Amino acid sequence: VGFGREHDGQPQGTPDKNPLLNNTAIDGQPVAPGTIRSGYIVTPAGVHVGLTPAITHGFTYAKLTGRSLGPDGKPASNDPRDWPQATMAVSVNGAPIQAGSILIDTGIPQMYLTVSDPQTLNTVLQPNPSEKGKEVPALPTGAEVKVTIPATGMPAATYSFTVGNAADTLQPSLVIVTSAGTPAFVNTGRHFLRGFEMLYDADGGWVGFRPVGSAATPG
């Protein structure tokens, strides 16, 4: 039910097949055209399906641009709601930022990080959470990670943590460093959602973020 993932092994991930974007009834009642926008909000308590003004206040938005692409580099579908992943900038230990795309993953506790120069990160081998008996290069304790999702005027979200800080509930269980790649890529893992609610507006091509606990009844 995500977006912009057709290029990475999800060829059926187009909007026409996304149950969160094609709502014809809610609580058994038909949805009148134009009453909700196609989209959803992911929160620590669950998912809101369909967007209305009453539930979208307080978010900071980043515009999605272009088309979602398939593995062949061509547009994955003709659906105008098929947007690419959001852009981000990542820095480790204060190094120059590297730009790329971001995936807010609800299914895993670890982060995956792709940068152009992984050999400079002083990684250590850790047990692979996805494959028993295997090891993966990961950021060491004390490494500082900062991920910014840009928007006009101010960041839509800034996600930062220090690896191994037990008091920080936002840090992933492990930061796995993949092979070198450009542009950069960050799969945040689900611990990101302890700090931010995420909104996806498929009709307009927007992704929004709101700090957890900051929602208030609109005045």
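A cavity, as I use the word here, is a set of grid points where a 1.4 Å probe fits but cannot get out. I began with empty space, since rolling a probe the size of a water molecule over the atoms shows where such space is left. The model I am reading is predicted, and I keep that in mind for every entry below.

**Entry 1, enclosed space.** How many cavities of 30 Å³ or more does the count give? I found one, and the volume of this largest cavity is about 40 Å³. I looked up its lining and noted residues from several parts of the sequence, including Gly-2, Phe-3, Gly-4, Pro-15, Arg-81, Asp-82 and Tyr-200. Sorted by class, the lining holds four nonpolar, five polar and three charged residues.

**Entry 2, the largest pocket.** I then turned to open space, where the largest pocket takes up about 400 Å³. I count 20 residues in its lining, and those nearest the centre are Val-1, Gly-2, Tyr-40, Leu-103 and Ile-104. The strands β3 (37-43), β7 (98-103) and β16 (206-211) each give two or more residues to this lining. I recorded its make-up as 14 nonpolar, four polar and two charged residues.

**Entry 3, the second largest pocket.** The second largest pocket has a volume of about 350 Å³. Of its 17 lining residues, I find Gly-4, His-7, Gln-85, Ser-101 and Phe-185 closest to the centre, while β6 (86-92), β7 and β14 (184-187) are the elements that give two or more residues each. Which classes make up this lining? I noted six nonpolar, eight polar and three charged residues. Gly-2 is listed both in the cavity lining and among the residues nearest the centre of the largest pocket, whereas Gly-4 is listed in the cavity lining and among those closest to the centre of the second largest pocket.

**Entry 4, strand β7.** I followed β7 next, as it lends residues to the largest pocket and to the second largest pocket. Is this strand mostly covered or mostly open? I see that it is mostly covered, with five of its six residues buried. On one side I looked at β6, which pairs with β7 in the antiparallel sense over five bridges, and there Thr-87 has Ser-101 as its bridge partner. The hairpin of these two strands has five residues between them, and Asn-93 takes a positive phi near 55 degrees.

**Entry 5, strand β14.** β7 also pairs with β14, here in the parallel sense and over four bridges. I checked the facing residues and found Ile-102 opposite Val-186 and Leu-103 opposite Asn-187. β14 has a further partner in β8 (residues 111-114), which runs antiparallel to it and is joined to it by three bridges; in that pairing Thr-114 stands opposite Phe-185.

**Entry 6, the nonpolar core.** Last, I looked up the largest nonpolar core, which has 40 residues, and those with the most contacts inside it are Val-90, Leu-113, Leu-139 and Phe-209. β6 gives the most to this core, with four residues. What does Phe-209 touch, leaving out residues up to four places away in sequence? Among its contacts I listed Phe-59, Ile-104, Ile-149, Ala-156, Phe-192, Phe-196 and Met-198, together with Glu-197. Of these, Ile-104 is also one of the residues nearest the centre of the largest pocket.

Methods. Residues numbered from 1 in each chain as written. Predicted model: local features only at pLDDT ≥ 70, side-chain atom pairs only at ≥ 80, totals over all residues. Heavy atoms only, no water. 1 Å grid on protein atoms, 1.4 Å probe; cavity = no way out; pocket = protein on both sides within 12 Å on 5 of 7 lines; lining within 4 Å. Points joined across faces, edges and corners; volume = space filled by probe spheres on them. Nonpolar A, V, L, I, M, F, W, Y, C, P; charged D, E, K, R; others polar. Buried < 20%, exposed > 50% of the residue type's maximum accessible area, 1.4 Å probe, protein only. Pairing = 2+ DSSP bridges. Core = buried A, V, L, I, M, F, W, Y, C linked by side-chain atoms within 4.5 Å. Contact = heavy atoms within 4.5 Å.
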